[in-house]
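This briefing sets out how one protein chain is put together, as seen in a model. It goes from the interior outwards, by way of the sheet, to the chain as a whole.

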Amino acid sequence: MVEAVRRGKSVRQVAEKFGVGKSTVQRWFKRAQGKRLDRVDWSDRSDGPKTPCNKVSVHVEQCVLAIRKDLKENSPLGEHGADAVRNEMKNRGCRHVPSRASINRIFERHGAFDGRKRRRYESPPPGWYLPDVATKNAELDQFDHIEDLCLQGGRIVHVLNGISLHGGLAYSKPISRMTAENTVQSLIFFWREFGLPNYVQFDNSTVFQGPRTADSLGKTIRFCLSLGVIPVFAPPHTHGFQASIENYNGRWENGVWKRFHFESFRAVETQSTKFVKAMRTKNAVRTDGAPDRWECPNDWEVDYQTQPKGKVIFIRRTDDSGCLEVMGHRWGLDRSCTHRLVRAEVDLSQGVIDFYRL
């Protein structure tokens with residue numbers, strides 16, 4: 001375009017030939033004015049000024065760095081972060097005091113941060129410790145208790161909460177006592193309405209897991225196995241595995257318990273039912289896109305005296321010697337595998353236990 005204009009063609013003719021506006025031709029012609037074409041910088045440039053109007057001046061940057069150095073070496077507290085520098089500039093009567101964000105950018109430009117910048121890793125998918133759940137080919141329900149809520153008059157109320165990992169199906173049942181029988185009744189009520197998941201996850205309380213004696217299987221475990229649902233037990237004292245149900249516990253407390261004054265158990269049940277219904281409506285689209293659930297038989301009854309079959313999964317962490325405890329027994333793994341998360345799969349039908357490092 002510039003060469004054509006230099007040869008005598010009008011700006012209009014060149015613009016029509018190249019299919020651009022006249023202003024475009026004029027801009028590039030002005031860029032090349034007085035220069036050989038092979039020495040012109042043809043790269044795109046911002047239409048704004050070379051120096052942003054809100055850029056902190058060099059003098060202010062030097063002042064920020066000097067005050068930071070002085071605070072670090074001489075201040076009684078030793079605080080020399082952005083907030084401390086900004087407060088000190090105000091105390092000294094500086095005319096131009098940058099914002100907290102601007103001061104941090106000055107620190108970053110001049111390499112003045114003491115610590116290393118935190119490296120953030122992409123979070124794993126929900127249910128990452130169960131391969132078919134992580135790929136959304138299977139559903140996982142999580143259940144947990146909110147304990148020792150006190151009504152007016154001193155009556156204690158507990159709440160059994162449940163949430164499906166992918167579908168967001170919510171369940172809440174206020175109860176007067178936390179027992180395995182109450183848990184079983186709640187599970188069967190919930191699953192008959194919405195269908196069976198592939199897995200159900202609990203913490204390690206005796207209500208869910210059963211007695212602490214070796215090789216014992218509690219009522220809740222036997223109930224789940226009889227329906228073909230695999231019980232999963234989260235690792236003790238480890239964050240993240242119960243995140244979905246703990247989040248739902250908090251939402252129930254904020255949306256029900258902390259919002260209203262309850263004088264009776266019935267009132268808690270009524271408000272909890274409204275909350276659960278609203279949660280299911282809110283998560284309807286998420287529920288529709290979740291993995292399929294299996295129909296729960298209406299005429300089903302469990303025989304707790306028969307030998308259970310199926311699989312139980314325990315997520316555990318090895319200790320200093322590479323050992324972990326599952327079902328009351330201590331298992332020694334590779335000594336190089338210390339403080340590692342392990343998925344222990346107990347196959348009751350075959351009498352085999354397999355360990356998988358996570």
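In this predicted model, the largest nonpolar core has 34 residues, and the members that touch the most others in it are Trp191, Phe223 and Leu227. Two or more residues each are given to this core by β3 (170-175), α8 (180-194), β4 (199-202), α9 (206-209), α10 (219-226), β6 (311-317), β7 (323-326) and β9 (341-347), and the largest share, five residues, comes from α8.

**Nonpolar cores**

- Once residues up to four places away in sequence are set aside, Leu227 touches Ile188, Trp191, Leu196, Cys296, Pro297 and Trp300.
- Another core, of 18 residues, lies apart from the largest one, and its members include Leu151, Trp252, Val256 and Phe275.
- As a general background to such groupings, nonpolar side chains in soluble globular proteins tend to be buried together.

**The sheet and its order**

- Eight strands make up an open sheet with mixed pairing, in the order β3-β2-β1-β4-β5-β6-β9-β10.
- The edges of this sheet are β3 and β10 (352-357), each of which pairs on one side only, and from one strand to the next the twist averages 20°.
- Helix α8 packs on the sheet, where it touches β1 (140-150), β2 (156-164), β3 and β4, and its direction makes about 145° with that of β3.
- Helix α12 (residues 265-282) lies across β2 and β3, and runs at about 175° to β3.

**Strand β5 and its neighbours**

- Strand β5 (residues 230-233) is covered on both faces, with Ile230 and Val232 buried on one side and Pro231 and Phe233 buried on the other.
- This arrangement can be read against the general pattern that side chains in a regular strand alternate between the two faces of the sheet.
- β4 and β5 run parallel and are joined by four bridges; Val200 stands opposite Pro231 in β5, while Phe202 has Phe233 of β5 as its bridge partner.
- β5 and β6 also run parallel, joined by two bridges, and here Phe233 stands opposite Phe314 in β6.

**The β2-β3 hairpin**

- β2 and β3 form a hairpin with five residues between them, and Gly168 in the turn has a positive phi of about 70°.
- The two strands of this hairpin, β2 and β3, pair in the antiparallel sense over six bridges, with Ala170 in β3 as the bridge partner of Ile163.
- Although β3 is an edge strand, five of its six residues are buried, so β3 is largely enclosed by the rest of the structure.

**Two residues in their settings**

- Phe208 lies in helix α9 and is buried, with a relative accessible area of 0%.
- Beyond its neighbours within four places in sequence, Phe208 is in contact with Phe143, Asp144, His145, Leu160, Thr183, Phe202, Asp203, Thr220, Ile221 and Phe233.
- Phe208 and Asp144 are 64 residues apart along the chain, yet their C-alpha atoms are separated by 9.1 Å.
- Lys90 is found in helix α5 (residues 82-91), and counts as partly exposed because its relative accessibility is 46%, a value between the 20% and 50% cut-offs for buried and exposed residues.
- The C-alpha atoms of Lys90 and Ser216, which are 126 residues apart along the chain, are separated by 68 Å.

**The chain as a whole**

- The chain contains 13 helices and 10 strands.
- Its radius of gyration is 33 Å, well over the 21 Å that the globule rule gives for 358 residues, so the chain is more spread out than a compact globule.
- Taken along the principal axes, the box filled by the C-alpha atoms of the chain is roughly 100 × 65 × 55 Å.
- Of the 358 residues in the chain, 40% are buried, and about 22,000 Å² is exposed by the chain, with carbon and sulfur atoms supplying 48% of that area.
- Among the contacts in the chain with a separation of 6 or more, 60% are accounted for by residues 24 or more positions apart.

How values were computed: Residues are numbered from 1 along each chain as its sequence is written. This is a predicted model: local features need pLDDT of at least 70, side-chain atom pairs count only at pLDDT 80 or more; totals for chains, interfaces and linings use all residues. Side-chain values use heavy atoms; hydrogens and water are left out. A nonpolar core is a set of buried Ala, Val, Leu, Ile, Met, Phe, Trp, Tyr and Cys residues joined through side-chain atoms within 4.5 Å. Buried means under 20% relative accessible area, exposed over 50%, partly exposed in between (1.4 Å probe, protein chains only). Contact means heavy atoms within 4.5 Å. Two strands pair if DSSP finds at least two bridges between them. Axes are lines fitted to C-alpha atoms, for helices over the stretch in contact, and angles run from 0 to 180 degrees between N-to-C directions. The radius of gyration is taken over C-alpha atoms; the globule rule is 2.2 Å times the number of residues to the power 0.38. Accessible areas come from the Shrake-Rupley method with a 1.4 Å probe; for residues, only the protein chains shown count as cover.
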